[in-house]
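Welcome! Take a moment to look over the model below, and then let us walk through it together.

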Amino acid sequence: MSLLKALEDRVVAETQASLKRAEAQALSQVPAQVVARLEGVRLKLKEALQVGIVEALRGIFLLSTFFIGLSLVALVFLPDRELSGGLGPRPSLE
């Protein structure tokens, strides 16, 4: 019986030592993996922000181009003469 007890104690001790080594190894690798994943997320977020800003600017320029074109079309159809009457100076009756 004592041989069985000694063998059991030895197996338990080796298992605990192996678990402690595995835990230490995992604790040393986890921060590096987390940093690598966070770096990947940061790069994806940066790229997404750049794409979003470019699309927003593109929309602004397209809308500006539309309004400039619309105002040029309106200018083409205006008459090429001064408006009569209105708010200008009036000749005196003297």
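What percentage of the 94 residues in the protein chain do buried residues make up? The answer is 0%. Keep in mind, as you look around, that this is a predicted model.

To see how that fits the rest of the picture, start with the overall fold. The secondary structure of the protein chain comes to 1 helix and 0 strands. That helix, H1, covers residues 2-76. The chain exposes about 9300 Å² in total, and carbon and sulfur atoms supply 68% of that area.

Next, let us look at the charged side chains. A search of the whole structure turns up 4 salt bridges, and we can visit three pairs here, beginning with Asp-9 and Lys-5. Their side chains meet in a salt bridge with an N to O distance of 3.8 Å. Both residues belong to helix H1 and sit 4 residues apart, about one turn of the helix. Neither partner counts as buried, because that label requires under 20% relative accessible area: Asp-9 is partly exposed at 41%, and Lys-5 is partly exposed at 46%.

A little further along the numbering, Glu-14 and Arg-10 form another salt bridge, this time at 3.2 Å from N to O. These two are also in helix H1, where a spacing of 4 residues separates them by about one helical turn. Glu-14 is partly exposed, with a relative accessible area of 44%. Arg-10 reaches 52% relative accessibility; it therefore counts as exposed, since the cut-off for that word is over 50%.

Now move on to Arg-58 and Glu-55, whose side chains meet in a salt bridge of 3.6 Å, N to O. Here the two residues are 3 residues apart in helix H1, which is again about one turn of the helix. Arg-58 has 49% relative accessibility and counts as partly exposed, and Glu-55 is partly exposed as well, with a relative accessible area of 44%.

Finally, turn from charges to nonpolar side chains. Which residues make a nonpolar surface patch of about 630 Å²? They are Leu-45, Leu-49, Ile-53, Leu-57, Ile-60 and Phe-61. One of them, Ile-60, can be placed in helix H1, the helix that also holds Arg-58 and Glu-55.

So what should you take away? Picture a chain with 1 helix and 0 strands, in which buried residues make up 0% of the total. Along helix H1 you can find salt-bridge partners such as Asp-9 and Lys-5 about one turn apart, and on the surface a nonpolar patch that includes Ile-60 and Phe-61.

Technical notes
Residues are numbered from 1 along each chain as its sequence is written. This is a predicted model: local features need pLDDT of at least 70, side-chain atom pairs count only at pLDDT 80 or more; totals for chains, interfaces and linings use all residues. Side-chain values use heavy atoms; hydrogens and water are left out. Patches are made of residues with over 30% relative accessible area and no salt bridge: like charges are joined within 9 Å, nonpolar side chains (Val, Leu, Ile, Met, Phe, Trp, Tyr) within 5 Å. Accessible areas come from the Shrake-Rupley method with a 1.4 Å probe; for residues, only the protein chains shown count as cover. Buried means under 20% relative accessible area, exposed over 50%, partly exposed in between (1.4 Å probe, protein chains only).
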